[in-house]
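Subject: Structure for your review

Dear colleague,

I am handing over the structure below, and I would be grateful if you would look through it with the notes that come after it.

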There are 2 protein chains.
Amino acid sequence: MRQQVSKGFDMRSSGEAVVPIEKEVDRLALFQPADWDSAAGKPLYRLVEDEIRRLINNGSLIPGDLIPSEPQLAKAMSVSPGTVKKAIDNLVWEKLLFRHQGKGTYVSKINFRKSLFRFFTYGDAEGQPVRIHKETTARGRHVGSDDVCRRLNVKEGSDLVYIERVGFIEDKPILVEYSWWPAHVVPGLEDERVHIPDYLYALVFDKYGVPVIRAEETLTASAADAKTAQMIDVEEGTPVVVLKRTTYTRGNRIVEVRTTKGRADRFSYKTEIR
Amino acid sequence: MRQQVSKGFDMRSSGEAVVPIEKEVDRLALFQPADWDSAAGKPLYRLVEDEIRRLINNGSLIPGDLIPSEPQLAKAMSVSPGTVKKAIDNLVWEKLLFRHQGKGTYVSKINFRKSLFRFFTYGDAEGQPVRIHKETTARGRHVGSDDVCRRLNVKEGSDLVYIERVGFIEDKPILVEYSWWPAHVVPGLEDERVHIPDYLYALVFDKYGVPVIRAEETLTASAADAKTAQMIDVEEGTPVVVLKRTTYTRGNRIVEVRTTKGRADRFSYKTEIR
DNA sequence: AAGTGGTCTAGACCACTTC
DNA sequence: AAGTGGTCTAGACCACTTT
């Protein structure tokens with residue numbers, strides 16, 4: 001039964017004077033009962049999911065944030081605790097949230113261990129995390145090609161920062177990355193004095209406050225072009241695995257496009273069908 | 001609280017005479033309360049899952065079977081309906097089971113739409129099911145190579161059935177499959193008079209009663225060998241995507257190993273990271 | 001001690017399917 | 001009408017974390 005929603009819901013104290021409010025309680029006020037007009041037969045737990053998803057997607061909740069507790073959410077949204085739990089269950093298995101017993105439920109951080117790129121292995125070891133060390137081989141600020149600008153969803157001829165890196169496993173070059181960013185997103189990143197760590201996105205967040213929220217990757221294969229062949233030490237025309245990545249920040253804004261080309265003989269992707 | 005389990009549990013009628021028992025009820029008797037000795041701190045719903053999983057893996061339940069209803073299972077295993085529901089929820093999202101409201105819960109059939117092989121597309125159409133038509137180009141009964149016998153987990157030098165097929169999209173050859181089966185599993189399959197449909201596993205089940213339960217696939221890329229190049233109409237040495245599949249029937253027994261080689265320019269695999 | 005998520009129970013009512 | 005799964009509620013007790 002869809003019970004009446006009390007519009008008079010408030011978590012704040014009723015006094016007039018504005019007093020400092022704890023961050024947690026403040027944030028709780030975001031969780032309004034969902035828009036019942038658009039409910040249209042959807043189950044309640046789905047509406048709860050949608051509400052949490054919305055707050056993540058619009059940036060009100062960002063990766064690492066603690067969300068209100070289940071009982072709090074239940075009261076705030078006028079549903080039973082079991083319903084909130086089911087909604088959170090679903091978001092947890094989607095890996096959008098994770099729980100920590102006794103502490104609370106948090107918004108997940110993007111996990112690049114899910115990148116297809118982890119399937120570059122040395123030899124044929126199974127599923128183990130293989131450490132790839134990267135070296136920057138070129139960087140600069142250039143006008144982007146039409147193709148790259150289109151992929152970045154910026155005007156053609158925009159200024160871009162270009163970063164090129166080679167990835168090594170045990171001192172053997174395995175792959176090369178070609179990465180482009182809109183210059184206004186990461187101004188100065190082309191400066192040679194800025195050290196680029198293996199995990200580039202950490203730097204971008206620290207230096208520019210731009211969090212990477214999600215990414216899309218497409219995998220294909222092709223023949224190595226001359227430059228790539230030289231950089232990863234194979235013959236020109238040898239098969240290489242091509243990984244194109246589009247990287248997003250808050251609000252579904254693209255911040256990077258990247259093409260990784262790797263030695264096909266070091267790539268192996270295993271999956272189960274059932 | 002882990003309540004006492006009544007050892008005297010029985011679903012059958014108490015009379016002595018053996019009377020015909022409905023299949024459903026009969027099967028219900030399989031679901032004994034789980035082995036409490038090995039419970040070791042596991043949650044109850046996990047034990048229920050394990051029990052259902054066990055019955056599927058040992059072949060007591062086979063793909064397409066209807067399992068007992070939630071209330072029946074709850075009574076049979078002396079847990080509350082909610083606990084059974086949670087266990088089934090988990091198995092459903094693992095896709096081991098699927099539910100049909102009003103009818104019941106069934107054991108899933110293997111879904112080869114999950115095969116990596118679906119990523120062979122024509123042009124760049126996104127995610128749409130592309131129809132691949134297959135033609136058998138060779139078949140026979142041979143002594144297997146050591147490598148193939150090893151992958152099939154049979155003695156080296158065993159008799160194998162070999163099937164070779166080319167896959168077409170709109171009359172253009174896209175991929176070629178090399179498939180080996182232990183001869184004793186599919187005797188006579190090498191006979192040219194046996195028509196091989198696009199979906200080979202359906203034939204194997206119909207003719208030999210061997211159900212395919214699951215499969216593993218590994219994706220790599222390499223250069224086209226002379227034979228493959230000729231069959232899919234590319235230059236020798238051109239990059240091809242290589243898919244190795246191991247196919248299992250009941251009891252984790254391997255029934256097929258298959259290598260598919262496809263045009264890399266027709267392959268594209270997209271995923272999201274978050 | 002208080003608050004969090006984790007497990008489990010016991011029921012209500014609903015929508016769908018079959019008989 | 002009876003049985004199925006789907007949703008939702010309202011609690012109990014537990015294990016873990018923080019204060």
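What follows is a summary of what was found, beginning with the two protein copies and going on to the DNA and some local features.

Please keep in mind throughout that this is a predicted model.

**The two copies and their contact**

Chain B can be superposed on chain A with an RMSD of 0.1 Å by a turn of 180° together with a shift of 0.1 Å along the axis, and the two copies are thus related as by a two-fold rotation axis. Among the residues of chain B, Pro239(B) comes closest to that rotation axis, with its C-alpha at 2.4 Å.

The contact between the chains takes 29 residues from chain B and 29 residues from chain A. On the side of chain B that touches chain A, strand S7 (214–223), strand S8 (239–249) and strand S10 (269–273) of chain B each supply at least two residues, and the largest share, 10 residues, comes from S7(B). By class, this side of chain B has 15 nonpolar, 7 polar and 7 charged residues. Of the interface residues of chain B, 100% are also interface residues in chain A, so the copies meet through the same surface.

Strand pairing also runs across this contact: strand S10 (residues 269–273) of chain A and S7(B) pair in the antiparallel sense over 5 bridges, and within this pairing the bridge partner of Thr271(A) in S7(B) is Glu217(B).

**The surfaces near the DNA**

Around DNA strand D there are 20 residues, of which Pro43(A), Leu44(A), Ser80(A), Gly82(A) and Gly102(A) are the closest. The elements that give two or more residues to this surface come from both chains, namely helix H2 (44–57) and helix H4 (81–93) of chain A, together with helix H3 (70–76) and strand S3 (104–107) of chain B. The largest share of the surface near DNA strand D, 3 residues, comes from H3(B), and the residues of this surface divide into 5 nonpolar, 11 polar and 4 charged.

For DNA strand C there are likewise 20 residues around the strand, and those that come nearest are Ser69(A), Leu44(B), Ser80(B), Gly82(B) and Gly102(B). Here helix H3 (70–76) and strand S3 (104–107) of chain A, together with helix H2 (44–57) and H4 of chain B, each supply at least two residues. H3(A) gives the most to the surface near DNA strand C, with 3 residues, and by class the residues of this surface are 5 nonpolar, 11 polar and 4 charged.

**Helix H2 of chain B and the sheet beside it in these notes**

For H2(B), the 14 residues should span 20 Å at 1.5 Å a residue, and the end C-alpha atoms of the helix are 20 Å apart, which agrees. The buried residues of H2(B) are Leu47(B), Val48(B), Glu49(B), Glu51(B), Ile52(B) and Ile56(B), a list in which two glutamates appear. What covers these buried residues includes strand S1 (66–67), H4 and S3 of chain B. Just after H2(B), Gly59(B) takes a positive phi of about 90°.

S1(B) and S3(B) also belong to an open sheet of 3 strands, which has the order S1-S3-S2 in chain B and antiparallel pairing. The edge strands of this sheet are S1 and strand S2 (97–100) of chain B, each of which pairs on one side only. S1(B) and S3(B) pair in the antiparallel sense over 2 bridges, and the bridge partner of Ile67(B) in S3(B) is Thr105(B).

**Two residues with positive phi**

Which backbone positions might you wish to look at? One is Glu170(A), a residue other than glycine whose phi has a positive value near 50°. Glu170(A) is found in the loop between strand S5 (159–169) and strand S6 (172–182) of chain A, and with 10 C-beta neighbours inside 10 Å this residue counts as exposed, the cut-off for that class being 12 or fewer.

Another is Ser78(B), also a residue other than glycine, with a positive phi near 55°. Ser78(B) lies in the loop between H3 and helix H4 (81–93) of chain B, and with 16 C-beta neighbours inside 10 Å this serine counts as partly exposed.

With best regards

Terms used: Residues are numbered from 1 along each chain as its sequence is written. Chains are lettered from A and ligands numbered from 1 in the order in which they are written. This is a predicted model: local features need pLDDT of at least 70, side-chain atom pairs count only at pLDDT 80 or more; totals for chains, interfaces and linings use all residues. A residue is near a molecule or strand if its C-beta atom, placed from the backbone, lies within 6 Å of it. Helices (H or I, at least four residues) and strands (E, at least two) are DSSP runs, numbered from the N terminus. Ala, Val, Leu, Ile, Met, Phe, Trp, Tyr, Cys and Pro count as nonpolar, Asp, Glu, Lys and Arg as charged, and the others, Gly among them, as polar. A residue is buried if 20 or more other C-beta atoms lie within 10 Å of its own, exposed if 12 or fewer, and partly exposed in between; C-beta atoms are placed from the backbone. Copies are superposed by least squares on the C-alpha atoms of residues with pLDDT of at least 70 in both. Two residues are in contact if their C-beta atoms, placed from the backbone, lie within 7 Å. The expected span of a helix is 1.5 Å times one less than its number of residues. Two strands pair if DSSP finds at least two bridges between them.
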